[in-house]
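Notebook open, structure loaded. I'll jot down what I look up as I go.

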Amino acid sequence: MSLMTNLCLGWCPPYDVEAMLGFLRLRAIPGLEWVEGRQYARTLCLVQDSQACSGWLSVSLDDERAQAQVTISDSLASVLPMLINRVRTAFDLDADPVAIHRVLQASFPTSEGMRVPGTLDGFELAVRAVLGQQITVVAARTLGARLVTAFGEPIQTPVAALDRLFPTPATLAAASGDALGRLGITRQRQAALKALAEAVGEGHLVLSPGVDVAATCAQLRALPGIGDWTAQYIALRALRWPDAFPAGDVALQKALGVNSASAATQAAQGWRPWRGYAVLRAWQGLAGEARAN
């Protein structure tokens, strides 16, 4: 019988639960993540003081009570404070929706409760951002699933759909080009993944909230195969920078009615300091248009 810890984490309404879970559901990697109804579950390995702890957790979003009901495997109990903080940032529980909507409502009048999905693992998010460069979300999820199956460590959980951990930086740094190529990962992305894994594994690159955003983005852009869009996406979701802005993003440019990165940057000045939240609203708007058509 699995031992578990249960706790509740609150948020300030409104909170668009459907938008958050829809975003996660579309990107969920089989074996690593599972989304059903209003519940998100996944495996996870956290390192604290050079000690790795592996396990699983589930998060159920209850908008009536304005709280996230979290269940954590007992194997992660020793890193509980760290994990609570990561859940709060991953689900953007500490956002001030009223302040954000005050700035963005003229452009996005119906998106008051939309939050920015974060991540429980900055390295994982960065790897997935690289895999997703210039391809569809579905294609990126397919590559992620192949990577997890090939390089992720097996783990036993009470959830049948969860049986793999995400590959560690050391594992991906040591992966051969042939092994990565067989998964359908291009040479350019292979170089980016290996450089990223080495930088994180050696402690030269830290991808978590609280770091110097400008310096970290510069470090990311210095790696092969990582440009400004990828660096800004990582800043938005892993570094939790609310003003992150991938100006070259086509969805953003369409929302702003412009056709260049420089014009997008100029046109979005009124969204500061919440341009990252505008990014999610623009993407959601395009997704809604696609469903309507």
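**Hairpin.** I started at the turn: S2 and S3 make a hairpin with two residues between them, and glycine 37 in that turn has a positive phi of about 60 degrees. Note to self: this is a predicted model, so every value here is computed from it.

I then checked the pairing. S2 and strand S3 (residues 39-48) run antiparallel to each other, joined over four bridges. Tryptophan 34 sits opposite alanine 41 of S3.

Which side chains of S2 are buried? Along residues 33-36 I found alternation: Glu33 and Val35 point to one face and are buried, whereas Trp34 and Glu36 point to the other and are not. That is the textbook pattern, since side chains in a regular strand alternate between the two faces of the sheet.

**Annotated stretch.** I looked up the record next. An unreviewed UniProt entry annotates residues 6-121 as "domain: DNA-3-methyladenine glycosylase AlkA N-terminal". Over residues 6-121 I get 26% helix and 33% strand, with the end C-alpha atoms 21 Å apart.

**Core.** On to the packing. The largest nonpolar core holds 95 residues, and Leu61, Phe91, Leu147 and Leu196 have the most contacts inside it. Where does this core lie relative to domain 1 and domain 2? Domain 1 (5-95) and domain 2 (122-154 + 166-238) both give residues to it, so the core lies between them.

I picked leucine 196 for a closer look. Leaving out residues up to four places away in sequence, leucine 196 touches Phe123, Ala126, Val127, Val130, Leu205, Leu207, Leu220 and Leu223.

**Helix H8.** Leu196 is among the buried residues of H8, together with Arg189, Gln190, Ala192, Leu193, Ala195, Ala197, Ala199 and Val200. I traced what they pack against: helix H4 (122-131), helix H6 (169-174), helix H7 (177-181) and helix H9 (213-221).

Quick geometry check: H8 has 15 residues (187-201), so at 1.5 Å a residue it should span 21 Å, and its end C-alpha atoms are indeed 21 Å apart. Just after H8, glycine 203 takes a positive phi of about 80 degrees.

**Alanine 170.** Last stop was helix H6, where alanine 170 is found. Is alanine 170 buried or exposed? Its relative accessible area is 58%, so I log alanine 170 as exposed, the cut-off being over 50%. I also took a distance to proline 97: the two are 73 residues apart in sequence and 39 Å apart in space, C-alpha to C-alpha.

Note on methods: Residues numbered from 1 in each chain as written. Predicted model: local features only at pLDDT ≥ 70, side-chain atom pairs only at ≥ 80, totals over all residues. Heavy atoms only, no water. UniProt positions renumbered as here; feature names shortened; annotations may be inferred. Core = buried A, V, L, I, M, F, W, Y, C linked by side-chain atoms within 4.5 Å. Buried < 20%, exposed > 50% of the residue type's maximum accessible area, 1.4 Å probe, protein only. Domains from an automatic or database assignment. Contact = heavy atoms within 4.5 Å. Expected span 1.5 Å × (residues − 1). Pairing = 2+ DSSP bridges.
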